[in-house]
Amino acid sequence: MAVYQGVRGTGILSTEERAIRDVSPAIAQLEPDAGPLVTLLMRLKKQECTNPVFEWYEDELLPRFDTLGGNLGTSDTTMTVSNYQYFRDGDVVVIADDEIVIVTATPTSSSVSIKRGINNSGTGKAASSGAKLHIIGNANEEGSSTRVILTTRRVKKTNYCQIFKTPFGVTNTQDATNQYGGQDMKVERTKELIEHKKDIELAFLRGYPYVDTSGTHPKRTTGGVNYFITTNVYDAEGELTEQEFNDFLRIISRYGSNERVGFVSPLLATVINNFGVQKLQTRSDETTYGITMSRYQNAGRIIELVEHKLLTNDNLSDLTGIAGWGIFVDISDLMLRYMKGRLTILRENIQNNDEDQTKNEYLSEVGLQLQLEKKHGLLIGVQR
């Protein structure tokens, strides 16, 4: 019996082979194309959680656009708007891309007082209900007091850390038997880590946030990009043209930088490849982290395209559903969240004491944080 003198440290755990292995670096390095979203987040954007329910707050600048809530006549001195809270005294507003007016009093209802025809010698122009309103600034009198203060409300967003488990094991007799192609336990250790990575990847792509409290303890699932992206969703309804694709890129690039990462199905990758060789450049350097990428450039926008092998159906001839997906994200607004000490660990020898077998298990308690969903986009319905 070995005797140690002094305080027990991690070196003793290594000697005793009792420390739980942390394999999170391995999961990022192992077959990066098998789970490219997880690979990028493991490398670039991860943060520890102190609670399996994690939250963040989002904010936007004041809105600049609204619509008329009713018809506007040429001599009307008030206009009906859809969101009166957007307006205040002194706002300069363009109506229907034609007439410019000034708001003369901060409204308390949908009826907004205006001075007409700033650009038409005081003459108003008729506009129909639903016409666009664009706030382009404000004009104030000399010596005027402070304007009414408007701010936006911060919005709380929530997601959950999901517990992923991937067990594997062999009988001790089987492990002691010589085997062609390597011992099963070693082979399974690598193979099941890939399966574990795929489980997390698919949850980050298609998951829905949910808490099941029917059992002894809560069971949580994490929401994926498909859940969070709601604004910029474009259905190609079969054929995707290059013009449609570029229009989609224009919309998702409205906020933030002009750079996005696009995780595209093999079908969509083929469609984009056919748009034009000059716009595509294959990349394989230290910044791709082992992921095969193609760079698509057009009108100053840079899209790093990743062909995602999991975006396929079991029947490769079935082009419905995820086979026609493309997920485009601003990677700076995505983050992998994880519970302390539970970012992909290998739990060894978890079998019962009386069992003549060896069981191990990969365990992760992780979730996805996707911020500012208007900066991302989902392309669906591509079949050719």
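Y210 is partly exposed in this predicted model, with a relative accessible area of 47%. The residue lies in strand β12 (residues 210-212). Together with Y208 and Y227, Y210 forms a nonpolar patch on the surface, and the accessible area of the three is about 360 Å².

**The chain as a whole**

The protein chain holds eight helices and 23 strands. Of its 384 residues, 41% count as buried. The chain exposes about 21,200 Å², of which carbon and sulfur atoms supply 47%. When contacts between residues at least 6 apart in sequence are considered, 71% of them join residues at least 24 apart.

**Strands β6, β7 and β8**

Strand β7 (residues 99-103) pairs with two strands described here. With β6 (residues 91-95) the pairing is antiparallel and runs over four bridges, and E99 in β7 is the bridge partner of I95. Three residues separate β6 and β7 in a hairpin, and A96 in the turn has a positive phi of about 55 degrees. With β8 (residues 111-115) the pairing is again antiparallel, over two bridges; here I114 in β8 is the bridge partner of V103.

In a regular strand the side chains alternate between the two faces of the sheet. Strand β7 shows such an alternation: E99, V101 and V103 point to one face and are buried, whereas I100 and I102 point to the other face and are not buried.

**Salt bridges**

A search of the whole structure finds 17 salt bridges. Three of them are set out below.

| Salt bridge | Closest N and O atoms |
|---|---|
| K156 and E55 | 3.6 Å |
| D91 and R147 | 2.7 Å |
| D333 and K375 | 2.6 Å |

The side chains of K156 and E55 meet in a salt bridge. This pair links distant parts of the chain, with K156 in strand β10 (residues 155-160) and E55 in strand β3 (residues 53-58), 101 residues apart. K156 is partly exposed, at 43% relative accessible area, and E55 is also partly exposed, at 42%.

D91 forms a salt bridge with R147. Here D91 belongs to strand β6 and R147 to the loop between β9 (132-138) and β10, 56 residues apart. Both D91 and R147 are buried.

D333 forms a salt bridge with K375. D333 lies in the loop between β19 (326-329) and β20 (334-339), and K375 in the loop between β22 and β23, so the pair ties together parts that are 42 residues apart in sequence. D333 has a relative accessible area of 8% and is buried; K375 is buried as well, at 13%. Salt bridges that share partners join R260, D330, D333 and K375 into one network.

**Two buried loop residues**

H376 is placed in the loop between β22 (357-370) and β23 (377-382). Its relative accessibility is 0%, so H376 counts as buried. A polar atom of the H376 side chain lies 3.0 Å from the backbone nitrogen of D330. Leaving aside neighbours within four places in sequence, H376 is in contact with ten residues including I229, I252, F328, D330 and D333.

S265 is found in the loop between β15 (259-264) and α8 (266-273). With a relative accessible area of 0%, S265 is buried. Beyond its neighbours within four places in sequence, S265 is in contact with H308, L311, I322, A323, G324 and W325.

Note on methods
Residues are numbered from 1 along each chain as its sequence is written. This is a predicted model: local features need pLDDT of at least 70, side-chain atom pairs count only at pLDDT 80 or more; totals for chains, interfaces and linings use all residues. Side-chain values use heavy atoms; hydrogens and water are left out. Buried means under 20% relative accessible area, exposed over 50%, partly exposed in between (1.4 Å probe, protein chains only). Two strands pair if DSSP finds at least two bridges between them. Contact means heavy atoms within 4.5 Å. Accessible areas come from the Shrake-Rupley method with a 1.4 Å probe; for residues, only the protein chains shown count as cover. A polar contact is a pair of N or O atoms within 3.5 Å; within protein, one must be able to donate a hydrogen and the other to accept it, and residues adjacent in sequence count only if both atoms are side-chain atoms. Patches are made of residues with over 30% relative accessible area and no salt bridge: like charges are joined within 9 Å, nonpolar side chains (Val, Leu, Ile, Met, Phe, Trp, Tyr) within 5 Å. A salt bridge is a side-chain nitrogen of Lys or Arg within 4 Å of a carboxyl oxygen of Asp or Glu.
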